[in-house]
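Me: I have a model open on my screen and would like to talk through the labels people attach to it. Could you take my questions in turn?

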Amino acid sequence: MSLLKNPCHPGEVLQELYLKPTGMSAINLARRLNVPRTRIERLVRQETALSVDTAIRLAKFYSTSPEYWINLQRSFDLSEAIDVLDLSEITPLSVA
């Protein structure tokens, strides 16, 4: 499996593909998901990672799967980590 180049933060996906097309605000979505408004606001501003709890709630509300949302976060996290980790000191194991 390969990583996407420059994957989107799940908050950007939420904003661009779900909130904007329906005209729904982050505050309104938070109410509908029964979570604090700051949770969705911070997610949409890409200030926080998507939690498992939020992934499950978004999946239920948008008739998607929790894995869809979690995989967005996973891809984003891996891409960010690969960009900042210094792995130059690690040499692959060679099996003879």
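Me: What separates D53 and R57 in helix α4?

Reply: Happy to help, and please keep in mind that this is a predicted model. D53 and R57 are four residues apart in helix α4, which covers residues 52-62, so about one helical turn separates them.

Me: And what makes D53 and R57 a salt bridge?

Reply: The N to O distance between their side chains is 2.8 Å. The cut-off is 4 Å between a side-chain nitrogen of Lys or Arg and a carboxyl oxygen of Asp or Glu, so the pair qualifies.

Me: Why is D53 called partly exposed?

Reply: Its relative accessibility is 35%. Buried needs under 20% and exposed over 50%, so D53 falls in between. R57, at 29%, is partly exposed by the same reasoning. There is a further partner here too: salt bridges that share partners join R39, D53 and R57 into one network.

Me: How do you know that E16 and K20 form a salt bridge?

Reply: Their side chains come to 2.9 Å, N to O. That value is within 4 Å, so the pair counts. E16 and K20 sit four residues apart in helix α1 (residues 10-22), which puts about one helical turn between them. E16 has a relative accessible area of 39%, so it is partly exposed.

Me: What makes E41 and R37 a salt bridge?

Reply: The closest N and O atoms of E41 and R37 are 2.6 Å apart, and that is within the 4 Å limit, so the label holds. Both residues lie in helix α3 (residues 37-44), four residues apart, about one turn of the helix.

Me: Why is E41 called buried, and what is R37 called?

Reply: E41 has a relative accessible area of 16%. Buried means under 20%, so E41 belongs in that class. R37 comes out at 45%, which lies between 20% and 50%, so R37 is partly exposed.

Me: Which residues does E41 contact, leaving aside its neighbours within four places in sequence?

Reply: They are A26 and I27. Contact means heavy atoms within 4.5 Å, so that is the test both of them pass with E41.

Me: How many salt bridges does the rule give in total?

Reply: The count comes to five. Among them are the E16 and K20 pair, the E41 and R37 pair and the D53 and R57 pair.

Me: Stepping back, what elements does the protein chain have?

Reply: The protein chain has five helices and zero strands. Read from the N terminus on, the order is α-α-α-α-α.

Me: Why is the protein chain called more spread out than a compact globule?

Reply: Its radius of gyration is 16 Å, whereas the globule rule gives 12 Å for 96 residues. The value is well over what the rule gives, so the description follows. The C-alpha atoms fill a box of roughly 60 × 25 × 20 Å along the principal axes.

Me: How much of the chain is buried, and how much of its surface belongs to carbon and sulfur?

Reply: Of the 96 residues, 31% count as buried. The accessible surface comes to about 6800 Å², and 55% of that belongs to carbon and sulfur atoms.

Me: Where do the charges of the protein chain lie on average?

Reply: There are 11 positive and 11 negative charges, and their mean positions are 13 Å apart.

Note on methods:
Residues are numbered from 1 along each chain as its sequence is written. This is a predicted model: local features need pLDDT of at least 70, side-chain atom pairs count only at pLDDT 80 or more; totals for chains, interfaces and linings use all residues. Side-chain values use heavy atoms; hydrogens and water are left out. Helices (H or I, at least four residues) and strands (E, at least two) are DSSP runs, numbered from the N terminus. Buried means under 20% relative accessible area, exposed over 50%, partly exposed in between (1.4 Å probe, protein chains only). The radius of gyration is taken over C-alpha atoms; the globule rule is 2.2 Å times the number of residues to the power 0.38. Accessible areas come from the Shrake-Rupley method with a 1.4 Å probe; for residues, only the protein chains shown count as cover. Lys and Arg count as positive and Asp and Glu as negative; His and the chain ends are not counted. The place of a charge is taken as NZ of Lys, CZ of Arg, CG of Asp or CD of Glu.
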